[in-house]
Amino acid sequence: MLAVSGLVILALVRDQTGTEGFLVGLGLAVLPVPLLVAAFRWLQRAAPGPWTHLVFAFAWGACAAALMSIVANSFATRWIASATADPSRADTLGATVIAPVVEETAKAAAVALVLLFRRHDVGGILHGVVIAGLSATGFAFTENILYFGNAFGTDRLTGDSGLTSLTAATFFVRAVMSPFAHPLFTVLTGIGFGLAALSGERRRVRRVLLPLSGLLLAMGLHALWNASPDFGEYGFLTVYAVLMVPLFGLLTWLVVWARQRELRTVRTELPAYAAAGWLAPADPFALGSMRARRLALRYARRHGGRTAAREVARYAADATALASLRHRAASGRVPADFAVRENELLGEVWRRREWARPALEHAARITAPPLRVTAPPPGVHPGYGYGYGSAAGYGPARGAHPDPAGPGPHHGWGYGYGHGHGHGHGNGRGSAYGSGTAPAPRQAERPHPAYASGWARPYGHPTDA
């Protein structure tokens with residue numbers, strides 16, 4: 001369907017602009033696309049998802065949403081012109097009323113389709129923002145071809161060229177001053193969908209109202225933007241300076257905050273699975289740092305090629321989804337298929353562990369702060385274990401662990417994870433992790449189920465696979 005839509009929209013745009021205008025418009029319209037795609041890709045790396053979603057979203061905006069908008073806008077404008085016998089009023093209503101409703105609905109359909117058919121891959125605000133932003137980027141790309149091609153055709157008729165031409169003015173306004181306009185509108189809808197995905201499945205009213213509210217805000221902002229030239233000589237610049245730029249800054253801050261929040265969730269939730277033996281000790285720290293992730297991918301690519309890098313990337317994506325799933329459950333928003341989904345993700349990270357662990361351990365060694373090891377106090381037996389205590393970080397931790405030689409636990413000094421009331425990297429000192437449960441690995445060759453009890457796991461246990 002997208003391929004057919006692409007062919008139809010190609011024919012329609014070429015018919016309106018001519019072949020030469022189409023080629024000029026295409027060349028100019030593609031210039032802001034890499035910057036916008038790179039920005040959304042940067043956001044997406046903190047909460048990785050399938051790359052096919054990104055391609056689908058961009059293609060949907062460029063082909064399906066653009067086609068629906070052109071057809072619906074043209075039909076509605078002609079109908080209003082024939083009904084009122086006032087073509088100028090029809091154009092005004094089409095730009096300020098019809099176009100915002102049609103275009104924002106068409107672009108938002110990409111997020112709705114992914115959430116409907118791939119709901120496991122939309123776990124929060126970042127996913128909604130990225131899919132919505134790329135859909136809007138694709139739409140703006142096609143729309144810009146049309147605008148730039150028509151402007152070039154007008155310049156050919158009037159003989160204008162250079163910086164004083166209509167093509168140059170149109171490019172400055174649409175590609176230099178406001179390349180973020182369409183993404184900014186649709187990101188509001190994406191935030192609504194992302195918040196809806198975070199809501200509990202029983203909160204059906206909220207899951208409907210949040211996307212609808214985002215869509216209405218996007219329509220209203222889009223209508224105000226289209227109507228700004230009618231507000232007087234400086235109407236466009238006033239709306240741009242007073243509304244668009246501050247809102248762009250606010251939403252940029254919001255999505256960067258959401259990105260950091262996603263990384264904090266990884267650092268907070270994954271130690272439970274490390275304590276149960278599913279993940280390596282270095283994984284929560286390494287996966288909670290974008291620098292460490294980049295180093296891990298570079299290490300995997302250098303030592304194992306593209307296959308290894310791809311497996312490490314998928315490992316990071318599944319582990320991040322696992323942390324997000326556990327965070328939702330801890331917040332009281334337990335999905336109905338929590339156990340099934342958790343087991344699926346655990347199976348995926350376990351299957352890729354041989355590829356990912358060397359790379360992540362390498363990255364953790366490079367990015368972790370220097371360790372300061374002190375002698376244990378008298379009466380404390382040396383040993384290695386995982387502690388979950390009063391500081392978050394990858395460092396020395398004092399934790400309780402089962403005694404292989406006896407029935408009761410004793411305290412041991414060693415290296416492990418400390419985690420608790422502060423964020424940062426340093427020494428952790430506290431009792432073993434016990435604030436939640438993590439399912440133990442299921443097969444015999446995986447770590448022993450006893451280590452899922454909440455006690456820290458010692459290295460070198462006879463039953464440690």
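**Helix α7 and the nonpolar cores**

Of the 18 residues of α7, 17 are buried, so this helix is largely enclosed by the rest of the structure. In this predicted model, α7 reaches 26 Å from its first C-alpha to its last, a span close to the 26 Å expected for its 18 residues at 1.5 Å a residue. A kink of about 25 degrees is nevertheless present in α7, and it is centred on Val187.

The largest nonpolar core of the model comprises 42 residues, among which Val129 and Met244 have the most contacts inside the core. At least two residues of this core are supplied by each of α2 (33–44), α3 (51–84), α4 (87–117), α5 (125–158), α7 (181–198), α8 (204–227) and α9 (235–275), and the greatest contribution, nine residues, is that of α7. When residues up to four places away in sequence are not counted, Val129 touches Phe40, Leu43, Val187, Gly190, Ile191 and Val255; Val187, one of these partners, is also the residue on which the kink in α7 is centred. Apart from the largest core lies another, of 36 residues, which includes Leu287, Tyr299, Val349 and Leu360.

A further position considered here is Glu348, which is found in helix α12 (residues 338–351). With a relative accessible area of 27%, Glu348 is classed as partly exposed, because this value falls between the 20% limit for buried residues and the 50% limit for exposed ones. Although Glu348 and Asp318 are 30 residues apart along the chain, their C-alpha atoms are separated by 6.9 Å.

Key
Residues numbered from 1 in each chain as written. Predicted model: local features only at pLDDT ≥ 70, side-chain atom pairs only at ≥ 80, totals over all residues. Heavy atoms only, no water. Core = buried A, V, L, I, M, F, W, Y, C linked by side-chain atoms within 4.5 Å. Buried < 20%, exposed > 50% of the residue type's maximum accessible area, 1.4 Å probe, protein only. Helix = DSSP H or I, 4+ residues; strand = E, 2+ residues; numbered from the N terminus. Contact = heavy atoms within 4.5 Å. Expected span 1.5 Å × (residues − 1). Bend = angle between axes of the 7 residues up to and from the residue.
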